[in-house]
Amino acid sequence: MTEMFSMTDVTVCYDNVEAVRNVSLSVEEGQIVTVIGPNGAGKTTLLMAAIGLLASRGRLVFQGNDIGRMSVEDRVEHRLCLVPEKRELFSDMSVADNLLLGSYSLRDRSGVQKTLDEVYDRFPRLKERQRQAAGTLSGGERQMLALGRALMAKPKLLMLDEPSLGLAPLIVREIFRTIASLRDLGVSILLVEQNARAALETADYGYVLETGEIVQSGPAKDLIHDKRLITAYLGGH
Amino acid sequence: MTSDIAAILAIDGIATGAVYALVAIGTVLIFTVTRVIFIPFGDIAAFTALTLAALDAKRFPGTGALVVILACLATLIEIISLVRTGELRLLPRALFFYLVLPLAVVGIAWLTMRADPPLAVRLVLALMLITPIAPLLDRIVFRPIADGTVLLLLTVSVALHFALVGLGLLFFGPEGVRTEPLTSFSTEFAGVLISGQTMLIVIAALVFSGLLYLFFDFTLVGKSLRATAVNRTGSRLMGIRPARAGTIAYLLGSLMAGVSGILIAPVNTVFYDSGFLIGLKAFVGAIVGGMTSYPGAAIGAVGVGILESFASFQSSALKDVIVFSLLIPILIWRSLASLHSEEEIEE
């Protein structure tokens with residue numbers, strides 16, 4: 001497998017406080033990698049640095065290119081996409097317009113309609129509500145729209161920040177099923193989650209982030225049986 | 001006041017309001033995309049009128065020199081910024097957009113001027129010369145402080161207005177101008193005489209508002225501008241560059257202000273400093289729409305125009321006092337409305 005994305009010794013500071021310290025991780029092509037950890041561990045900060053919304057020290061490599069000095073927009077043009085925790089939808093605009101804007105960074109516009117049809121096939125609910133304003137959708141539908149909008153950019157690496165946050169258990173299961181199915185599209189995924197069990201069940205590889213540092217890593221199927229993790233994050237059973 | 005006089009005042013007010021509406025829509029456009037309350041829009045309108053007057057008098061307008069100076073300054077700032085960020089590969093592109101393009105516009109205007117062009121061409125030339133000013137000012141003044149607070153941006157915007165008034169005096173001189181009417185047509189409707197100029201103003205306002213609506217609703221670039229206005233972070237994550245969206249917004253806004261300047265020039269005498277009142281009255285209109293709604297801004301601006309028209313009939317000296325006093329109840333109403341929307345956001 002070839003390496004899709006890597007972070008080496010990445011440090012992110014808010015003023016003088018280090019929120020993320022010397023973090024190194026990598027995502028192989030077609031792999032789902034998860035970063036789990038408690039609230040405030042620096043998971044969101046890590047993704048914000050990866051997409052370029054926060055400045056960071058260290059090395060960021062995407063498909064062999066050093067992207068550390070690239071703007072957010074340039075990273076998106078290279079097909080590195082983030083679905084942020086707050087979803088950041090265009091709430092006054094229709095579902096269809098939100099999806100269309102997802103494809104904004106694509107120079108070749110010929111496949112946009114086909115991708116849109118694929119997104120609608122994946123999320124029929126969005127097709128039903130395509131004329132509705134994004135702000136009027138339910139929590140689950142908003143997450144579907146955020147995912148669908150990111151897929152419109154034909155991402156090579158999709159970074160998902162807490163996709164299950166604030167959603168009902170049934171919807172969470174549906175969202176994770178969708179994430180797992182994205183593997184078939186050849187999309188690599190970096191998934192940040194507090195819902196450690198669901199994340200590890202979906203992922204191939206996992207990292208545990210605590211107070212800004214990676215404290216443990218390994219194949220997801222091993223981590224899910226790790227005694228310390230079971231006690232700390234997996235609700236021990 | 002008889003009904004005849006009321007009708008004349010209303011028509012006059014609608015025409016003035018339509019001019020304010022164009023500037024108000026431009027103001028809302030810039031504010032939503034860049035968070036800048038661009039006070040100098042009125043100046044852009046006045047400069048367009050002065051530019052057209054100079055072209056009518058077969059003089060090359062001062063706008064040309066202003067564009068050249070601003071283009072050189074903007075290019076210099078862009079080069080420094082590219083050197084600092086180590087992105088020299090973007091230099092040819094920067095030189096094209098900030099130097100070659102504005103200079104080409106001035107060059108084309110200068111060459112066309114020598115051929116003694118007809119009025120329609122002069123109108124296009126005036127608009128061509130005026131549209132680069134706001135995007136260049138954006139690069140020079142606002143881009144370096146784009147992440148500042150709305151208050152900081154507003155303060156700089158007011159300062160920029162005063163700087164432009166000074167430059168206006170330098171480039172256009174102290175004389176007022178009034179251009180030739182765009183049409184001598186007039187008609188009578190329900191016993192009231194309506195001039196072709198008045199009709200042209202209202203039609204132009206409707207056409208440009210309609211075009212803007214189509215642009216926002218049916219083009220990807222238009223939608224990207226709306227997206228930037230609704231959610232800046234979200235739009236960046238789609239690869240939409242806020243700086244580029246800002247430039248497009250400034251170009252469109254300048255065009256709207258330019259058109260309003262051309263429409264007002266045959267009706268009112270325009271001086272180098274006439275822009276302030278136009279801009280401020282459009283701003284009152286824009287506030288009625290909460291600085292975010294285009295129809296709200298247009299309706300507000302037409303309301304301001306009508307109020308001004310009736311106020312000038314009652315007391316010409318106090319017409320501006322009456323118009324600006326309208327701000328107080330509107331701001332109270334708006335502040336109550338915005339409290340309500342903050343509660344909604346928290347939910």
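Biologist: How many residues of chain A are in contact with chain B, and how many of chain B with chain A?
Modeller: On the chain A side there are 20 residues in contact, and they meet 16 residues of chain B. Contact here means that the C-beta atoms, placed from the backbone, lie within 7 Å.

Biologist: Which helices of chain A supply at least two residues each of the side that touches chain B?
Modeller: Helix 2 (72-77) and helix 3 (95-102) of chain A each do that. Helices are DSSP runs of H or I with at least four residues, strands are E runs of at least two, and both are numbered from the N terminus.

Biologist: And how do the residues of that side of chain A divide into nonpolar, polar and charged?
Modeller: 11 are nonpolar, three are polar and six are charged. Ala, Val, Leu, Ile, Met, Phe, Trp, Tyr, Cys and Pro count as nonpolar, Asp, Glu, Lys and Arg as charged, and the others, Gly among them, as polar.

Biologist: What does the model score?
Modeller: It's a predicted model, where local features need pLDDT of at least 70 and side-chain atom pairs count only at 80 or more, while totals for chains, interfaces and linings use all residues. The scores are ipTM 0.94 and pTM 0.88. For reading the labels, residues are numbered from 1 along each chain as its sequence is written, with chains lettered from A and ligands numbered from 1 in the order in which they are written.

Biologist: What pLDDT does chain B average?
Modeller: 90, with 97% of the residues of chain B scoring at least 70. That's the predictor's confidence in each residue, from 0 to 100.

Biologist: Where in chain B is confidence lowest, and where is it highest?
Modeller: Lowest is helix 15 (residues 327-346) of chain B, with a mean of 68, and highest is helix 6 (residues 133-142) of chain B, at 95. Over residues 341-347 of chain B the pLDDT drops below 50, and that stretch has zero contacts in the model beyond near neighbours in sequence.

Biologist: Switching to sheets. What is the order of the open sheet of four strands in chain A?
Modeller: 2-1-4-5, with antiparallel pairing. Two strands pair if DSSP finds at least two bridges between them. The edges are strand 2 (17-28) and strand 5 of chain A, each pairing on one side only.

Biologist: How many bridges join strand 1 to strand 2 of chain A?
Modeller: Eight, and the two strands run antiparallel. Phe5(A), for instance, has Val27(A) in strand 2 of chain A as its bridge partner. Strand 1 (residues 3-14) of chain A also pairs with strand 4 (residues 57-62) of chain A, antiparallel over five bridges, and there Thr8(A) is partnered by Arg59(A).

Biologist: What about the hairpin of strand 4 and strand 5 of chain A, how many residues lie between the strands?
Modeller: Two, and Gln63(A) takes a positive phi near 50° in that hairpin. Strand 4 and strand 5 (residues 65-66) of chain A are antiparallel, with two bridges, and Val61(A) stands opposite Asp66(A).

Biologist: Which strands stand at the edges of the other open sheet in chain A, with a single partner strand each?
Modeller: Strand 6 (80-83) and strand 10 (213-219) of chain A, so each has one side without a neighbour in the sheet. This sheet has six strands in the order 6-7-8-3-9-10, with mixed pairing. Strand 3 (residues 32-36) and strand 8 (residues 188-193) of chain A run parallel over five bridges, with Thr34(A) paired to Leu191(A).

Biologist: Which strands does helix 1 of chain A lie across?
Modeller: Strand 3, strand 6, strand 7 (157-161), strand 8 and strand 9 (205-210) of chain A, and helix 1 of chain A runs at about 150° to strand 7 of chain A. Axes are lines fitted to C-alpha atoms, for helices over the stretch in contact, and angles run from 0 to 180 degrees between N-to-C directions.

Biologist: Back to chain B. How do the axes of helix 1 and helix 13 cross?
Modeller: Helix 1 (residues 3-34) and helix 13 (residues 294-314) of chain B come within 6 Å and cross at roughly 140°. That makes helix 1 of chain B oblique to helix 13 of chain B. Under 35 degrees would be roughly parallel, over 145 roughly antiparallel, 65 to 115 roughly perpendicular, and the rest is oblique. The contact of helix 1 with helix 13 of chain B has 18 nonpolar, seven polar and two charged residues.

Biologist: And how close do the axes of helix 2 and helix 5 of chain B come?
Modeller: Helix 2 (residues 41-56) and helix 5 (residues 119-130) of chain B come within 9 Å, crossing at roughly 135°. They are therefore oblique to each other. Helix 2 of chain B brings residues including Phe47(B) and Leu52(B) to the contact, and helix 5 of chain B brings Leu123(B) and Ile130(B), among others.

Notes. Contact = placed C-beta atoms within 7 Å.
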